[in-house]
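Reader: I would like a close look at a single part of this structure, followed by some context from elsewhere in the chain. Please keep it plain.

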Amino acid sequence: MSERIASEIIEKYEPVEEVKQASQMSFEGFTRYLCSSECLLFSKEFNNVYQDMHHPLSDYFISSSHNTYLISDQLLGPSDIWGYESALVKGCRCLEIDCWDGSQNEPVVYHGYTLTSKLLFKTVIQAIQKYAFITSDYPVVLSLENHCSPSQQEVIADILQSVLGDALLSDMLDDFSDKLPSPEALKFKILVRNKKIGTLIETHSRRGLDKHGKCKNVKLLLYFYTLKVKVAMALSDLVIYTKAEKFRNFSYSREYQQFYESNSIEESTARKLSKLRAHDFILHNMKFITRIYPKATRADSSNFNPQEFWNIGCQMVALNFQTPGLPMDIQNGKFLDNGGSGYILKPRFLRDAETEFNPKKTPENSKPVTLTIKVISGIQLPPSIYSSSNKADTLVIIEIFGVPNDQVKQHTRVVKKNAFCPRWNETFTFIIQVPELALIRFVVESQNVIAENEFLGQYTLPLLCMGKGYRRVPLFSRTGEDLEPASLFVYVWYIR
């Protein structure tokens with residue numbers, strides 16, 4: 001630390017004027033500094049968008065949710081506008097909307113063939129319009145699971161245009177590009193993901209004709225196709241760079257899939273493909289956007305671990321945001337990066353067409369990180385709910401998530417009956433082969449000798465977003481609430 005920086009810290013945090021004038025720091029001043037945002041484990045340089053946002057959309061991990069309207073289980077629970085509002089506030093950039101025919105020609109949103117409650121499609125879009133860009137300026141994708149008749153699809157198109165206005169992307173940005181546009185080029189835009197009639201160029205040409213009032217024959221021709229594929233032309237024409245296309249196989253995609261066509265693949269199928277054809281999957285994801293969604297048997301809205309699909313470059317790994325637990329901790333930790341914008345540039349080895357990367361093998365040109373973490377102490381940890389004296393037998397678990405060879409878990413000893421200021425002073429060392437994909441999760445538990453340990457708090461973040469030196473680790477509840485002042489005091493060092 002330079003003398004200039006030390007002076008700035010003293011000036012900012014030292015409360016005793018005489019000590020400050022002597023360019024010194026009292027214990028109180030030092031405590032204030034350690035408890036400030038400057039000493040948080042997450043380095044403040046990553047609180048802003050710092051990555052190059054001019055790459056094609058397919059070069060980014062994109063924060064994505066599944067069945068966003070549900071706030072409980074998949075069969076009986078309520079649908080609620082809050083699902084969309086809270087997801088957008090968390091930086092989610094891809095929302096799912098299940099659309100069905102409603103009464104009085106008003107499309108509704110709910111989980112079809114279940115007892116979940118219904119929302120008006122218009123109400124959903126109004127909420128999205130209000131909250132879309134509160135947390136992030138970068139584009140929002142509305143992934144429509146469309147079960148509506150063509151007539152109500154026309155209503156959907158009208159609602160999208162009237163409510164979203166200029167924010168709705170309704171034409172190509174570049175007449176001649178064969179690549180997806182960048183997040184930067186699509187700032188403050190909302191894209192519709194749905195099935196589409198014909199090609200993007202045909203839509204663009206038709207829009208040009210529309211402007212000059214010479215498109216009657218074209219409209220009639222497309223209406224014939226509309227009846228055949230049951231997609232209303234009015235809605236089809238709002239699908240620009242995010243056409244939903246069924247995934248067949250990698251060979252078919254290489255030969256026929258267009259750059260603006262994206263695939264949704266159920267987690268079980270994606271898992272098989274990642275095990276058998278990892279390299280092909282990685283190459284596929286360099287050109288096309290892939291959305292992974294939970295299998296149908298997850299009726300309780302449980303989630304899979306998204307890390308396995310990020311490891312092969314899948315952009316939209318959609319989770320049930322309403323369900324707390326490990327997968328959502330990993331999701332929230334991942335997207336702390338790049339200013340919480342919901343877009344994270346994939347590592348070069350997941351963007352380079354010449355890549356030989358395979359998450360199951362140690363890369364030949366790997367630049368591993370040696371990570372050292374000393375868990376020093378805890379600060380006002382949450383007490384155990386099972387303790388009559390509001391104490392806890394505390395321990396800290398450190399977990400690494402990333403490629404399979406990097407995934408590991410270590411833990412401290414148990415400090416008995418002390419949640420207020422437990423001290424561990426234990427040091428752990430990890431060798432991480434692919435640091436660009438690694439996440440670190442700190443979990444505080446209270447030991448339970450009869451049942452499983454009691455969860456007290458956690459914090460997850462990308463390895464390369466960690467600051468070095470003495471740091472404070474904030475803790476969050478299982479449902480994501482900040483437990484301040486509860487935190488851990490650690491020393492971190494790593495070398496690349």
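With which side chain does the side chain of Gln 458 make a polar contact?

Author: This is a predicted model. In it, the side chain of Gln 458 makes a polar contact with the side chain of Asp 329, at 3.3 Å. Gln 458 belongs to strand 17, which covers residues 454-462. Its relative accessibility is 6%, and because buried means under 20%, Gln 458 counts as buried.

Leaving out residues up to four places away in sequence, Gln 458 touches Asp 329, and also Arg 441, Phe 442 and Val 443. Pro 474, Leu 475 and Phe 476 are further contacts of Gln 458. Leu 200, by comparison, is separated from Gln 458 by 258 residues in sequence and by 46 Å in space, C-alpha to C-alpha.

Strand 18 (469-476) leads to another part of the chain: strand 18 is among the elements that cover the buried residues of helix 3. Helix 1 (3-13) and strand 19 (482-495) are also included in that cover. Helix 3 spans residues 27-34, and Gly 29, Tyr 33 and Leu 34 are buried there. Viewed down the axis of helix 3, these buried residues fall within an arc of 135°, so they line one face of the helix.

Helix 5, residues 121-131, can be read in a similar way. Its buried residues are Phe 121, Val 124, Ile 125, Ala 127 and Ile 128. They cover an arc of only 160° around the axis, and are therefore on the same side of helix 5. As a general point, an α-helix has 3.6 residues a turn, so residues three or four places apart point the same way.

How values were computed:
Residues numbered from 1 in each chain as written. Predicted model: local features only at pLDDT ≥ 70, side-chain atom pairs only at ≥ 80, totals over all residues. Heavy atoms only, no water. Helix = DSSP H or I, 4+ residues; strand = E, 2+ residues; numbered from the N terminus. Buried < 20%, exposed > 50% of the residue type's maximum accessible area, 1.4 Å probe, protein only. Contact = heavy atoms within 4.5 Å. Polar contact = N/O pair within 3.5 Å; in protein donor to acceptor, adjacent residues only side chain to side chain. Arc of directions from axis to C-beta.
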